[in-house]
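Please open the model in your viewer and keep the selection panel at hand. The tour goes from the whole chain to single residues.

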Amino acid sequence: MADPENNDFLDDLANAEAEEFADEMEEIDDEALDLETVTAERDEFRDRFMRALADAENARKRSDKDRREAENYGGSKLARDMLPVYDNMKRALETTSDEQRTVAGPLLEGVELTMRELLNVFKKHGIEVIAPEVGDAFDPQHHQAMFEAPVPGTKAGDIIQVAAEGFMLHDRLLRPAQVGVSSMPAS
């Protein structure tokens, strides 16, 4: 028969192995829990990083767009303020008679040179003149109807008079051309 002391030894050995196994399992569970925590934390930091990267890219794109708009349209107030100067110079040149040209030729030549230089500056800064002609179709995107009148020989919507030219700054309207429009009823 087996010795009772020998069985106690085997029981003690089995209990020691079970305790050691339980300690190892507890350590593994703690390490797995730590690994899950670190993985979750890593994923959260990765998500924050990706969002911050996207925000930085969007801010860069937005600032590039703002810079381009400031370059193209930053001088729109000054350009709008210069339009009456253009109008007055154009009226002065259009109203001079041949007699005035012979008397004040050099003065008018200086005004014409100034007008050309003003147009060159406008062109350099992206300002284009909208110069509709009598007979053109009215375009509400570029023209402002100052009056309507029935004019024989025209159809409704035709420009019958140009009161003032309009201006575009790149692709934006600075001032619409001021025109008179035919309201001739359809026959």
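The stops below begin with the whole chain and then move to selections of residues.

**Whole chain**

Bear in mind throughout that this is a predicted model. Show the entire chain as a cartoon and colour by secondary structure: 4 helices and 6 strands should appear. Following the chain from the N terminus, the order of elements is α-α-α-α-β-β-β-β-β-β.

Now zoom out. Along the principal axes, the C-alpha atoms occupy a box of roughly 150 × 50 × 15 Å. The radius of gyration is 42 Å, where a compact globule of 187 residues would have one near 16 Å. Buried residues make up 18% of the 187 in the chain. If you turn on the surface, the accessible area is about 14,100 Å², and carbon and sulfur atoms account for 54% of it.

Colour by charge next. The chain has 21 positive and 43 negative charges, and the mean positions of the two sets lie 25 Å apart. For contacts between residues at least 6 apart in sequence, 65% link residues at least 24 apart.

**The largest nonpolar core**

Select Tyr86, Phe122, Ile127, Phe167 and Leu174 and show side chains. These are the members of the 13-residue largest nonpolar core that touch the most other members. Which elements each supply at least two residues of this core? They are helix H2 (76-95), helix H4 (105-124) and strand E4 (166-169). H2 contributes the most, with 5 residues. In soluble globular proteins, nonpolar side chains tend to be buried together.

Centre on Ile127. Beyond four places in sequence, Ile127 touches Ala79, Phe122, Phe167, Met168, Leu169 and Leu174. A separate core of 6 residues can be selected too, and its members include Met168, Ala177, Val179 and Val181.

**Ala79**

Move to Ala79, in helix H2. Is Ala79 buried or exposed? Ala79 has a relative accessible area of 7%, so it counts as buried. Outside its neighbours within four places in sequence, Ala79 contacts Ile127 and Leu174. Draw a C-alpha to C-alpha distance from Ala79 to Phe122: the two are 8.1 Å apart in space and 43 residues apart in sequence.

**His143**

Select His143 in strand E2 (residues 143-149). The relative accessibility of His143 is 11%, and therefore the residue counts as buried. Show its surroundings as sticks: apart from residues up to four places away, His143 touches Ile130, Pro132, Ala137, Phe138, Ile159, Pro176, Ala177 and Val179.

**His170**

Go on to His170, in the loop between E4 and strand E5 (172-175). What is the phi of His170? The angle is positive, about 55 degrees, although this residue is not a glycine. His170 is partly exposed, with a relative accessible area of 33%.

**Ser182**

The last stop is Ser182, in strand E6 (residues 177-182). Its relative accessibility is 2%, so Ser182 counts as buried. What surrounds Ser182, leaving aside neighbours within four places in sequence? Ser182 is in contact with Ala149, Val151, Thr154, Lys155, Ala156, Gly157, Asp158 and Ile160.

Finally, draw a C-alpha to C-alpha distance from Ser182 to Asp43. The two residues are 139 apart in sequence and 69 Å apart in space.

Notes
Residues are numbered from 1 along each chain as its sequence is written. This is a predicted model: local features need pLDDT of at least 70, side-chain atom pairs count only at pLDDT 80 or more; totals for chains, interfaces and linings use all residues. Side-chain values use heavy atoms; hydrogens and water are left out. The radius of gyration is taken over C-alpha atoms; the globule rule is 2.2 Å times the number of residues to the power 0.38. Buried means under 20% relative accessible area, exposed over 50%, partly exposed in between (1.4 Å probe, protein chains only). Contact means heavy atoms within 4.5 Å. Accessible areas come from the Shrake-Rupley method with a 1.4 Å probe; for residues, only the protein chains shown count as cover. Lys and Arg count as positive and Asp and Glu as negative; His and the chain ends are not counted. The place of a charge is taken as NZ of Lys, CZ of Arg, CG of Asp or CD of Glu. A nonpolar core is a set of buried Ala, Val, Leu, Ile, Met, Phe, Trp, Tyr and Cys residues joined through side-chain atoms within 4.5 Å.
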